[in-house]
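Reader: I would like a close look at one part of this protein, with enough of the whole to place it. Please keep to what can be computed from the model.

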Amino acid sequence: MRNEPLFFKPIFKDRIWGGTQLTSFHYNIPSETTGECWAFSAHPNGQSVVKNGQYEGVTLGELWEKHRDLFGNIAGDRFPLLTKILDANQDLSVQVHPNDEYARIHENGELGKTECWYIIDCEEGAEIIYGHHAQTKEELISMIEKGEWDQLLRRVKIKPGDFFFVPSGTIHAIGAGTIILETQQNSDTTYRVFDFNRKDAEGNLRELHIEKSIEVTETPSSHTEVSPETKQIDGVEITTYVECPYFTVQKWSLSDTATLTQEKPFTLVSVIDGEGELVHRGTTYSFRKGDHFLLPNEFGEFSLKGNADLIASYL
């Protein structure tokens with residue numbers, strides 16, 4: 001059946017840098033260092049599960065394998081996207097991700113990771129690391145070996161509502177006091193460049209991946225500027241932040257009632273603030289901050305009403 005939105009139960013990941021802010025999304029988190037909510041995930045390291053309708057209890061990965069018609073029968077050996085909400089109570093490690101070709105060869109067929117961030121909230125003065133200042137690989141290697149992090153890393157001040165596109169090969173890190181929604185390729189491959197000399201619960205320094213990081217880091221670093229495009233449809237303002245080969249990401253700012261049409265192979269929707277209702281073929285589905293639902297292929301026309309902010313992504 002394609003006449004209902006599929007709501008998903010997320011899974012949570014404990015992280016050394018995590019905190020408790022995910023409770024603001026109405027989640028019962030497993031620890032006081034919960035860093036990640038995997039909202040839409042078909043990755044082997046953790047799969048979200050349908051919590052309503054005829055597919056209740058089925059993982060996203062199982063849906064992809066056994067009910068490909070829900071996704072427009074698009075090709076691929078795995079579900080292509082992964083949506084997360086991250087609570088950076090402390091700074092994340094400085095890291096970089098490989099592209100598809102490098103990951104396929106060096107990470108047992110894993111996908112590369114191009115990602116993007118919507119800043120849901122952050123403390124005043126919060127910042128991210130986005131790119132670096134080295135002009136050549138030789139300079140990059142030298143600055144890493146000498147630990148010249150202040151000179152190497154490009155820091156950017158952030159505020160709620162900012163959006164950043166982070167292609168594979170981009171050195172980056174989310175700063176402390178930040179909550180983001182991340183849309184990314186379905187990959188869990190991360191190369192740590194620097195981790196502020198932190199130690200884990202056993203007192204050990206966390207593993208770094210310097211050689212691989214140097215190999216995959218784009219040098220010199222380019223900074224992809226986002227040029228949002230906004231349009232109004234009835235009572236919803238739709239802002240498109242990025243359209244790339246891996247995903248398109250939009251923000252739907254709902255202030256009244258709007259009629260939309262789902263014409264993509266599928267659309268993933270995460271509610272990051274407020275509440276409302278989705279009406280489809282005479283049936284009403286309530287949603288609120290922290291909910292995540294998939295609109296399947298041939299879902300067609302539907303209405304939204306309420307006051308809410310939603311992040312939508314599709315291929």
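Author: What follows starts with the loop that holds Ser 221, then turns to its surroundings and the rest of the chain.

This is a predicted model, in which local features need pLDDT of at least 70, side-chain atom pairs count only at pLDDT 80 or more, and totals for chains, interfaces and linings use all residues. Residues are numbered from 1 along each chain as its sequence is written, and side-chain values use heavy atoms, with hydrogens and water left out.

Ser 221 sits in the loop that runs between helix 5 (210-216) and strand 16 (229-233). Helices (H or I, at least four residues) and strands (E, at least two) are DSSP runs, numbered from the N terminus. Ser 221 has a relative accessibility of 15% and therefore counts as buried; buried means under 20% relative accessible area, exposed over 50%, and partly exposed in between, with a 1.4 Å probe and protein chains only. Leaving aside neighbours within four places in sequence, Ser 221 is in contact with Gly 131, His 132 and Ala 134, where contact means heavy atoms within 4.5 Å. With His 132 there is also a link from the side chain of Ser 221 to the backbone nitrogen, at 3.5 Å. A polar contact is a pair of N or O atoms within 3.5 Å; within protein, one must be able to donate a hydrogen and the other to accept it, and residues adjacent in sequence count only if both atoms are side-chain atoms.

Pro 220 belongs to the loop between helix 5 and strand 16 as well. The peptide bond leading from Thr 219 to Pro 220 is cis, with omega near -5°. Most peptide bonds are trans, and most residues other than glycine have a negative phi.

The second point concerns phi. Asn 73 is not a glycine, yet its phi is positive, at about 55°. Asn 73 is placed in the loop between helix 1 (60-66) and strand 7 (81-88), and its relative accessibility of 55% makes it exposed. Glu 298, also not a glycine, has a positive phi near 60°. The loop of Glu 298 connects strand 22 (292-295) and strand 23 (300-314), and Glu 298 counts as exposed, at 53% relative accessibility.

Back at helix 5, Ser 213 is part of the helix itself. Ser 213 is buried, with a relative accessible area of 1%. Not counting residues up to four places away in sequence, Ser 213 touches Val 96, Tyr 191, Arg 192 and Val 193.

Beyond strand 16, Val 236 is found in strand 17 (residues 236-243). Val 236 is buried, with a relative accessible area of 0%. Its contacts, again without residues up to four places away in sequence, include Lys 231, Trp 252 and Leu 260. Val 236 and Glu 182 are 54 residues apart in sequence and 22 Å apart in space, C-alpha to C-alpha.

As for the whole, the protein has five helices and 23 strands. Of its 315 residues, 55% count as buried. Among contacts between residues at least 6 apart in sequence, 72% join residues at least 24 apart. The C-alpha atoms fill a box of roughly 65 × 40 × 40 Å, taken along the principal axes.
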